[in-house]
Amino acid sequence: MSDFLTKHHPDSPNGVDDVVRNESGNTAFGEIIESRVSRRAVLKGGFGVAAGSFIGAGLTGCLDLQAAPGAGKHFKLGFAAVPKSTADVLSIPPGYTAQVLFRLGDPLDTSTPEYQNDGSDTAESFAHRAGDHHDGMEYFGLKPNGKGKSMNNAGRGLLCMNHENITEFFLHSAAELAAGYVTTSRVAPQIDKEVNAHGVAVIEVTRNDKSFQINRASGYNRRYTAASEMEIHGPVRGDTLVQTKYSPDGRKTRGTLNNCAHGITPWGTYLTCEENWAGYFKRPASTSLADQARITQNRYIGSGASNGSYGWANPAGGDNSGVDLYNRWNLTPTAGDAASDFRNAANTFGWVVEIDPFAPDTLPRKRTALGRFGHEGAMPAKAVTGKPIVYYMGDDARGEYIYKYVSTRKWNPSDADGGLAAGDKYLDDGKLYVAKFNADGSGVWIELSLANIPASYTAYTFANQADVLTNCRLAADALGATPMDRPEWTGVHPVTGDIYVTLTNNSDRGKTGTTGGGFSRALDPVNPRYYADLKGAANQTGNVNGHIVRMKEAGGDSSALSFQWDIYLFGAQADADGTHVNVSGLTDDNDFSSPDGLWFSHAIPGLMWLQTDDGAYTDITNCMMLAAVPGRLGDGEALAITSKAVPTNGGADQTVPTLVGQKASSTNLRRFLVGPKGCEITGITETPDGRAIFVNIQHPGESTSSATVAADNAAAFQSHWPDGGLARPRSATIVITKDDGGVIGS
Ligand code: FEO
Ligand code: CA
Ligand code: CA
Ligand code: CA
């Protein structure tokens, strides 16, 4: 019997990506809101220091930039804004050209056949093809002869990219789907194909005038999948929490999973971040578990029993692989101890994983010092000689936190070519902090250490620091971190040092009860909006369109323990109320919803790219990418936002004082790209000269129903991008160049 899957991709059209929300009682702002901070007091606290020194940059929206090739001293956006669109096409500005470079299934080598895109391509071949759901990525320059690293080479390089998830019904044939797709009994080779379509790809690309080719003969090309062997490194290595039957000593695991955004290191390696891994595992109801396991499952994975999103633990006829290829997705205790089953398998995911693009024979290393959560991405502060290496990281689920890692060792530029050994030095030993925001525009970083857990916190008992890192959501709860509206990408402005974090949306925010059986999270100054989406869908209330918070470390020191914050930008549709929804003054040329990807150009200091993963404004426009030239923290004003009561919420108006950045304008924010139907735009990198950018178009056509694919009703697919005709849609990397050879965005 057929039992078609309903939509369950973690980045789903209803705008809720998370597996479980944070329902801890943290209300860091509650008492401060009640004190009704005055406008004047907020101005003084949040902006007093900043205003005088930053006002010039703020007013002009144009920063004094370091010299960049072709960028000029003051970079100005120079393209015509791209209109919103719901067409099944890729739209870019006049004067630019886009090339489709690397699609789902494209071969990485010369012996793998071309992709058939009808479900007939084998599971094994997927270990040598592009995976699905392209996401974060980075370009690493190669020497002209193709042997070794040369970071500034714009003509030849390695692209490292994440394959976050799958649109499972486009991976299998119509006949296979018609025979049924049930998570209680899967066809083993179909599982293998899905496992192999996840992970990371490394491909060599070469430039020929304005177009790029993949060098399929390159010895660097390779895939890491959800089955590839990896090392567990750092403080959790060898701990009982990561012991499995596969690695009874807790030093290894198989696979990297739900690789969302990425990161880079000053020593030229790639970081890939494991986000919505929790939903993949088969699990028992947590009530059947011992206390500690029950508490951590509830906080990270969910309390109810599940077969896992895709039923990978349930091959028809059981696991006959001899090496537990399927059993390893089952968290149910089945043996006498954790080293004899896979109850701890989920503890080996949720990490930042380091890969050396230039060392194909090394195993990736899971860097446990950076904590375990729904890792979106990990972007560094600028490396300064003699100072620690610092990373900013978001945990993307409703009400989760923003984290910072500070290495113990101080940066020594002689490690710039150190590869994974440098990673061992800087990423295996450091302190992990979580952000607490205050209403006066200040905030503090609280260290997640065993010693800091207050005695009054009795919800969970941490055994040691490895336990704190493995279950750092619970440690952050204990320490009073501020619950945010789904922290996604982070980025550090290369000129100002300001830290930007996208908060994509939060359907819980601002509700005044548990209307409809939901969960409510009070408004606060750093998550200050509540409203109903204009199209009137009953379930789209809360912080519908998301915002971007900005932070500045005390004294400009990335390892500081305190910071200032403001809200750089609010997502909204242009015709929404300007007093409480469209607070940043967006227009038709730059309005957007659900910011997710956020990336600062390396070539053009101060140019920021914003990408959307939206399910709210998609009645008006497909997802998009915008170019921005942000000012500085403190370039705006203190503002009290009154969120109007929404009938379905049954509450009253709520007024929250906050700090907002300079309003958007055509000079500081402009839409550059709109994607095809059903896609998300996520992942961007560039050649080191800024004259070509690579952008990922993720899951076009994902709202197609599996029944439509099973019926082979190609005309009814939501999208046929990029191949056109009646083709199945494919996630893909595109390359964009400017026709006059100039830098992108100029
Ligand atoms: Fe994979 Fe939070 O986006
Ligand atoms: Ca997605
Ligand atoms: Ca994302
Ligand atoms: Ca997202």
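A residue is called buried here if its relative accessible area is under 20%, exposed if over 50%, and partly exposed in between, with a 1.4 Å probe and protein chains only. The structure is a predicted model, in which local features need pLDDT of at least 70 and side-chain atom pairs count only at pLDDT 80 or more, whereas totals for chains, interfaces and linings use all residues. Residues are numbered from 1 along each chain as its sequence is written, chains are lettered from A and ligands numbered from 1 in the order in which they are written, and side-chain values use heavy atoms, with hydrogens and water left out.

**Exercise 1. Salt bridges**

Describe the salt bridge between aspartate 106 and arginine 730, and state whether its partners are buried or exposed.

*Solution.* Step 1: the criterion is a side-chain nitrogen of Lys or Arg within 4 Å of a carboxyl oxygen of Asp or Glu, and by this rule the count comes to 43 salt bridges. Step 2: in the pair of aspartate 106 and arginine 730, the closest N and O atoms are 3.1 Å apart. Step 3: aspartate 106 belongs to the loop between β1 (96-103) and β2 (134-141), while arginine 730 belongs to the loop between α9 (706-710) and β32 (732-738), so that the pair links parts of the chain 624 residues apart; helices (H or I, at least four residues) and strands (E, at least two) are DSSP runs, numbered from the N terminus. Step 4: aspartate 106 and arginine 730 are both buried.

**Exercise 2. A salt-bridge network**

Locate the salt bridge of arginine 473 with glutamate 400, and name the network to which these residues belong.

*Solution.* Step 1: the closest N and O atoms of arginine 473 and glutamate 400 are 3.5 Å apart. Step 2: because arginine 473 lies in helix α8 (residues 472-478) and glutamate 400 in the loop between β14 (388-395) and β15 (402-410), the pair ties together parts that are 73 residues apart in sequence. Step 3: arginine 473 counts as buried at 5% relative accessibility, and glutamate 400 is buried with a relative accessible area of 0%. Step 4: the network of salt bridges links Arg299, Asp395, Glu400, Arg473 and Asp477.

**Exercise 3. Accessibility across one pair**

Classify each partner in the salt bridge between aspartate 740 and lysine 738 as buried or exposed.

*Solution.* Step 1: the closest N and O atoms of aspartate 740 and lysine 738 are 3.6 Å apart. Step 2: aspartate 740 has a relative accessible area of 56% and is therefore exposed, whereas lysine 738, at 14% relative accessibility, counts as buried.

**Exercise 4. Calcium coordination**

List the protein donors of the calcium ion (ligand 3), and identify the residue that it shares with the calcium ion (ligand 4).

*Solution.* Step 1: donors are N, O and S atoms within 2.8 Å of the metal (3.2 Å for Na, K and Ca), and since water is not among the atoms, sites may look incomplete. Step 2: the protein donors of the calcium ion (ligand 3) are Glu376 (OE), Glu488 (OE), Asp596 (OD) and Asp596 (OD), at 2.2 to 2.9 Å from the ion. Step 3: along the chain, these donors follow the spacing E-x111-E-x107-D. Step 4: the calcium ions (ligand 3 and ligand 4) are 3.7 Å apart, with glutamate 488 coordinating both. Step 5: glutamate 376 is in strand β13 (residues 375-380) and glutamate 488 in strand β18 (residues 487-492), 112 residues apart, and both glutamates are buried.

**Exercise 5. Cysteines**

Determine how many disulfides a search of the whole structure finds.

*Solution.* Step 1: a disulfide is taken as a pair of cysteine sulfur atoms within 2.5 Å. Step 2: the search of the whole structure finds 0 disulfides. Step 3: for cysteine 160, the nearest cysteine sulfur is that of cysteine 273, 13 Å away. Step 4: the sulfur of cysteine 273 is 8.2 Å from the closest cysteine sulfur, in cysteine 260, which is too far for a bond.

**Exercise 6. An aromatic pair**

Characterise the geometry and location of the aromatic pair of tryptophan 267 and tyrosine 426.

*Solution.* Step 1: rings of Phe, Tyr and Trp (its six-membered ring) pair if their centres lie within 6.5 Å, and planes under 30 degrees apart count as stacked, over 60 as edge-to-face and the rest as tilted; the count comes to 32 aromatic pairs. Step 2: tryptophan 267 and tyrosine 426 are stacked, at 5.3 Å centre to centre with 25° between the planes. Step 3: tryptophan 267 is in the loop between β9 (259-264) and β10 (270-274), and tyrosine 426 in helix α6 (residues 419-427), 159 residues apart.
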